[in-house]
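Biologist: Could you take me through the loops of this one, please? I'd like a close look at the spots where the backbone does something out of the ordinary, plus whatever sits around them.

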Amino acid sequence: MLPDILKTPLALPVVASPMFICSGPELVIAQCKAGVIGSFPALNARPAAALDEWLDRIANELAEFRAENPDLPVAPFAVNQIVHGSNKRLEEDLATCVEHQVPIVITSLGARPEVNDAVHSYGGIVLHDVINNRFARKAIEKGADGLIAVAAGAGGHAGTQSPFALVQEIREWFDGPLLLSGAIAHGRSVLAARACGADFAYVGSAFLTAEEANNDPEYKQMVADSGAADIVYSNLFTGVHGNYLRGSIEAAGLDPDALPESDPSAMDFGSGGTSDSKAWKDIWGAGQGIGAVRDIVPAQVIVDRMVEQYRAALADIAS
């Protein structure tokens, strides 16, 4: 069963994942106008007072666009909250989201009932990202409305399980909103996510080369020039395992094939990580699906391409 906000007509069953540094108002607005749910990490708004301005801007511009384009599938938006103890802004940022009645809140790195209760107080929903079935059960027990299964190959912080195995195990007991993340950057992959049991594909790396993304032009070009073999899985940079671009690790003077392990107790998501090179400023995250990403174009073009690919995949199956 899907809550009403997730029944909003979309161009494609896609939620654009929140990308540290890269996702800001420009990208989120472009994604929503293109017909997919856009999102950003609250921590991207700096200083914290900027979050209020960002939420006003996103809500107002999307409302105006809906009024001017009543026949287009304009999507809602989401805000990501890191609920780990290292995020000293959580209480303030959550209060701002409650004030603005953000329709969808994505929580990461810890499930906390009080966060869920705050979002539920005004009718919002909470989607919690998980890397295994055990964490999925805990998230729902603590009041999350839906789950984001972060499987092997996802950009940034990612798990190691096959998407098919992870979705299958969750679907054995959970019939609520389920999103799948992990190397999804093509319309065929969106269809595969739906076919294996997810309600939505959770897509990040495909938007790293969007013109509206707030990342360095060199970062965008490196994504366009790289493939799955250029992704390195390490916990050095934040204390949690994630996928990063080999080229950015090498540019920081590190050997991507001989990275040391980090102490998970030193997790730090607000200021940059546990190594001298800061994630995500110096060490650039990306998922294994970037082989499908080849140029720097507007978000609308990225979505339109995926829609065409999705429809072509459906037609191939039908034939």
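Modeller: Here is a walk through four loops, with the whole chain as a backdrop.

Bear in mind that this is a predicted model. The protein chain has ten helices and eleven strands, and the loops you asked about run between some of these.

Let's start with the cis bond. The peptide bond leading from Arg46 into Pro47 is cis, its omega being near 0°. Pro47 belongs to the loop that joins β2 (38-41) to α2 (50-68). As background, most peptide bonds are trans, and most residues other than glycine have a negative phi.

That second point brings us to two residues with a positive phi. Ile21 isn't a glycine, yet its phi is positive, near 70°. You'll find Ile21 between β1 (14-16) and α1 (25-34), in the loop there. Is Ile21 buried or exposed? Neither, really: its relative accessibility is 29%, so Ile21 counts as partly exposed, given that buried means under 20% and exposed means over 50%.

Gln101 is the other one to look at, a non-glycine residue with a positive phi of about 50°. Its loop links α3 (90-100) with β4 (104-108).

Now for the fourth loop, between β9 (200-203) and α8 (217-225), where Ser205 sits. Ser205 counts as buried because its relative accessible area is 12%, below the 20% cut-off. What does Ser205 touch, once neighbours within four places in sequence are set aside? Its contacts are Met19, Gly155, Val223, Ala286, Gly287, Ile290 and Val293. Among these partners, Val223 falls within the range of α8 (217-225), the helix that follows the Ser205 loop. Met19 belongs to the loop between β1 (14-16) and α1 (25-34), where Ile21 also lies.

Stepping back to the whole chain, contacts between distant parts of the sequence make up a good share. Of the contacts with a separation of 6 or more, 65% are between residues 24 or more positions apart. Buried residues account for 54% of the 319 in the chain. The radius of gyration is 18 Å, which agrees with the value near 20 Å for a compact globule of 319 residues. Along the principal axes, the C-alpha atoms fill a box of roughly 50 × 50 × 40 Å.

As for the surface, the chain exposes about 13300 Å², with carbon and sulfur atoms supplying 50% of that. It carries 22 positive and 40 negative charges, and the mean positions of the two sets are 3 Å apart.

Conventions:
Residues numbered from 1 in each chain as written. Predicted model: local features only at pLDDT ≥ 70, side-chain atom pairs only at ≥ 80, totals over all residues. Heavy atoms only, no water. Helix = DSSP H or I, 4+ residues; strand = E, 2+ residues; numbered from the N terminus. Rg over C-alpha atoms; globule rule 2.2 N^0.38 Å. Buried < 20%, exposed > 50% of the residue type's maximum accessible area, 1.4 Å probe, protein only. Contact = heavy atoms within 4.5 Å. Areas by Shrake-Rupley, 256 points an atom, 1.4 Å probe, with all protein chains shown as cover. Lys, Arg positive; Asp, Glu negative; His and termini not counted. Charge placed at Lys NZ, Arg CZ, Asp CG, Glu CD.
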